[in-house]
Amino acid sequence: MLTYNVDSEIKLALPRPEIDGPKLFALIQASPNLGDFLPWVRLTKMAADEESFLRQCNEHWAKGRSLNLVIHYRNQVVGTLSLNSIHDCHADIGYWLGQEFEGYGIMSRSVAGLISLVKEDYPHIKRLELLADVANTRSNNVAKRLNFTLEACLKHRLKHYDGTIHSANLYAFYLD
């Protein structure tokens, strides 16, 4: 298992679909607010859906298209973090955390670890983008805490599960 140690409590690891899938699915089910900002949550109806998604993530990693990682906090699966749409010089970041693990600085530390990992293993990436719903205070705070630059507020950018359209803040982190 490929892992990256962020600190003494947090490590990031490539997904093990059959092992991590059921654990992540249980976290999704136990986090009712997760679906407020992530439309895929309502499409994840069983552990097999999450396992299938993780297998696809590993296939994309093998092709150099993305990097999806499982966040382990004190040896417990607590969420995921990803580099999506890896391009010649930029990638966007996505993440989610089980609701019971919010408020411990796990995501800020994990994203900081991902930035370090990108510097080491993806030197061609010079820009990381993070798109956060303007109403998602926690996600906006992660970007601010890690000194991402707020570049724009994009009007009518995100479609929620209920069909409403929301604005999003576009943040960037420069690696050069």
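Thr80 in strand S4 is the bridge partner of Val70, a convenient place to enter this predicted model. Val70 belongs to strand S3, where Asn68, Val70 and His72 point one way and Leu67, Leu69, Ile71 and Tyr73 point the other way. The residues on both faces are buried. With seven of its seven residues (67-73) buried, that is, each under 20% relative accessible area, S3 is therefore largely enclosed by the rest of the structure.

The neighbours of S3 within the sheet can be taken in turn. Strands of a sheet pair through backbone hydrogen bonds, in either a parallel or an antiparallel sense. S3 and S4 (residues 76-84) are antiparallel, with seven bridges between them; besides the pair already described, Asn68 lies opposite Ser82 of S4. The two strands make up a hairpin, with two residues between them. Arg74, in the turn, has a positive phi of about 50°. S2 (residues 10-13) also pairs with S3 in the antiparallel sense, here over four bridges, and Leu12 is found opposite Ile71 of S3.

Stepping back to the whole sheet, eight strands are arranged in the order S1-S2-S3-S4-S5-S6-S8-S7. The sheet is open and its pairing is mixed. S1 (3-5) and S7 (149-159) stand at the edges with a single partner strand each, so one side of each has no neighbour in the sheet. From one strand to the next, the twist averages 30°. In this order S3 sits between S2 and S4, the strands with which it pairs over four bridges and seven bridges, respectively.

Key. Residues numbered from 1 in each chain as written. Predicted model: local features only at pLDDT ≥ 70, side-chain atom pairs only at ≥ 80, totals over all residues. Heavy atoms only, no water. Buried < 20%, exposed > 50% of the residue type's maximum accessible area, 1.4 Å probe, protein only. Pairing = 2+ DSSP bridges. Axes fitted to C-alpha atoms, helices over the stretch in contact; angles between N-to-C directions.
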